[in-house]
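The following note sets out several points on the model, for consideration alongside the coordinates. It proceeds from individual residues to helix pairs and then to the surface.

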Amino acid sequence: MIDRSERAIAILAVSIAFASCAAADSTNTTSQDRKDGWVSQPQGRGTFDILWSCLFTIFLCTWTSLHLNVPAMSETYWDQFFRKMRWMAQAIMAPEFVLGFATGQKAEARRSVAQFKHSGYPQWSIRHAFYANMGGFVLQPRESAPFPINAKQLHYLLTEGYIEFPSLSAKEVWDKSKADGFQKSLTCLQTGWFIVQIVGRAIQRLPVTTLELTTLSFVFCTLAMFIQWANKPLDVESPTILTTEVTISDILLRAGDRASEPYKQTPLDFIDDQSPSWISEVQPHLRFRIGPRERPLPRFTNDKFPVIGAGPDAHFLLLCTVVYCSIHFIAWNFDYPTHTELVLWHASCIAIAACALILWICETYQDGHRLGRWERWYGKLFPSQAESVRVHTWEKERRQKRFIPVWEFIIMTPVTLVYTLARTYIVVEVFLSQRSLPVGAFDTVQWSEFVPHF
């Protein structure tokens, strides 16, 4: 279910494609008249106007779009605040990757709804699934410490008779959300004005700065996050406690051999161990540690890598990534302060697009193993050999198919480094280029003064 504010945000996101095309028509290609240094605004818009408009738009979109998981019950306000600030920085540096997390969470929520419906629980909604996977349900077993459970784990406990279906309707789940109508309205107003300004400058053939164009690409990704997280509660502070009269030892004993391995995250790792994620696959190979050290985990971290599959969410993410990369290419022939900056912008645009393509190919292939897609396809193509392959190959790799393989880690390490360098240059350049801009960049669109903005 998407309310009116989210539909408005979706309309704004679609409008960015038009704004981007319009920006490409602005006269940034060549200009011999430039203004260097800090420019005041009495004669038009100044350097401060450009910076304030872009930075405020970025901050507002990031702050209102990030839907992080439920914090641990022992965490303070400042723990949650600094975590959100870290993710804001992540969204600024790599917005399409944060969009990938949001898309993966929505895809998993969809699969959870289908699983519960198949088991005879049609009242389980996508909001329930989001709420469970963000750590909204905490299991309190007999004689053990409480720990969060996700949708898969809750489904197992429910079908095995350990707990009853949560007495929490989809409306009650949404009531836990701290979604602020004023914040959403303010975000829609500011981003709408920003898009109108870009279109207006293009219509009057006024130059658009690289900072404004980059802000446009960033706003596009954050608005896409709004769409993907439309049914995920925002800033939930306290979870829902589910009690069971059985002990963890009883649950593990009845599970048999599948629960024989020591757990790494929670005692229900044999159902789902939150893999693949930064904390389970990447962090053990590094010398620093981020995230909760307690076991079982007191909260679900926000770094679980998306397992998207090949459904509509995967197509949506691919489309958004293409649009995001394409917006940067609009500045291909913009007027830069130096030729070196022009060449570096070209290289960075190509690097970001190439890295995104490589990542998409690797993750699409690996998702096929995690979700068993290649096994099903092989069985359809070679039905006579499907059983032997399933026994000798697929079952042998079953425990490893959900993790990040060595080959992907080797490929993605240099790709991540190249992407980081390219993205860092673009972030630095959009501010560095403000030192010298075409004269027309400081001209104001006449009719934009009548649009309310901040």
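1. A residue is called buried here when its relative accessible area is under 20%. Ser53 has a relative accessibility of 4%, and therefore counts as buried. The model under discussion is a predicted one, and the values below should be read accordingly.

2. Ser53 belongs to helix α2, which covers residues 47–65. Which residues does Ser53 touch, when those up to four places away in sequence are not counted? The partners are Gln190, Trp193, Phe194 and Gln197. A further relation across the chain involves Glu212: the C-alpha atoms of Ser53 and Glu212 are 8.5 Å apart, although 159 residues separate the two along the chain.

3. Lys84 is a residue of helix α3, residues 77–93. Is Lys84 buried or exposed? Its relative accessibility is 7%, so Lys84 counts as buried, the cut-off being under 20%. With neighbours within four places in sequence set aside, Lys84 contacts Trp63, Leu66, Leu68 and Asp235.

4. Helix α5 spans residues 126–133 and is mostly covered, with six of its eight residues buried. Those buried in α5 are Arg127, His128, Ala129, Phe130, Tyr131 and Ala132. After α5 comes Gly135, which has a positive phi near 90 degrees.

5. Two helix pairs involving α9 may be considered next. The axis of helix α4 (residues 95–118) comes within 9 Å of that of α9, and the two cross at roughly 10 degrees. Angles under 35 degrees count as roughly parallel, and α4 and α9 are therefore roughly parallel to each other. On the α4 side, the residues that meet α9 are Pro95, Glu96, Val98, Leu99, Ala102, Thr103 and Lys106. On the α9 side they are Phe218, Cys221, Ala224, Met225, Ile227 and Gln228.

6. How do the axes of helix α9 and helix α16 cross, and at what angle? Helix α9 (residues 210–228) and helix α16 (residues 406–432) have axes that come within 8 Å and cross at roughly 135 degrees. This crossing makes α9 oblique to α16. In the contact, α9 contributes Thr210, Leu211 and Thr214, while α16 contributes Arg423, Ile426, Val430 and Phe431.

7. Tyr263 lies outside the helices discussed above, in the loop between α10 (248–255) and α11 (278–282). Its relative accessibility is 36%, so Tyr263 counts as partly exposed. Tyr263 touches Asp269, Arg295 and Pro296, residues up to four places away in sequence not being counted. Tyr263 and Asp273 are ten residues apart along the chain, and their C-alpha atoms are separated by 8.2 Å.

8. The last point concerns the surface. Leu318, Val322, Leu357, Trp360 and Ile361 form a nonpolar surface patch of about 430 Å². Helices α12 (312–329) and α13 (339–370) each supply at least two of the patch residues. Which helix provides the largest share of the nonpolar patch? That helix is α13, with three residues. Ile361 is placed in α13 and has a relative accessible area of 45%, so Ile361 is partly exposed. Patch membership calls for over 30% relative accessible area, a condition that the 45% of Ile361 satisfies.

Technical notes:
Residues numbered from 1 in each chain as written. Predicted model: local features only at pLDDT ≥ 70, side-chain atom pairs only at ≥ 80, totals over all residues. Heavy atoms only, no water. Patch = residues over 30% accessible without salt bridge, like charges linked within 9 Å, V, L, I, M, F, W, Y side chains within 5 Å. Areas by Shrake-Rupley, 256 points an atom, 1.4 Å probe, with all protein chains shown as cover. Salt bridge = Lys/Arg side-chain N within 4 Å of Asp/Glu carboxyl O. Helix = DSSP H or I, 4+ residues; strand = E, 2+ residues; numbered from the N terminus. Buried < 20%, exposed > 50% of the residue type's maximum accessible area, 1.4 Å probe, protein only. Axes fitted to C-alpha atoms, helices over the stretch in contact; angles between N-to-C directions. Parallel < 35°, antiparallel > 145°, perpendicular 65-115°, else oblique. Contact = heavy atoms within 4.5 Å.
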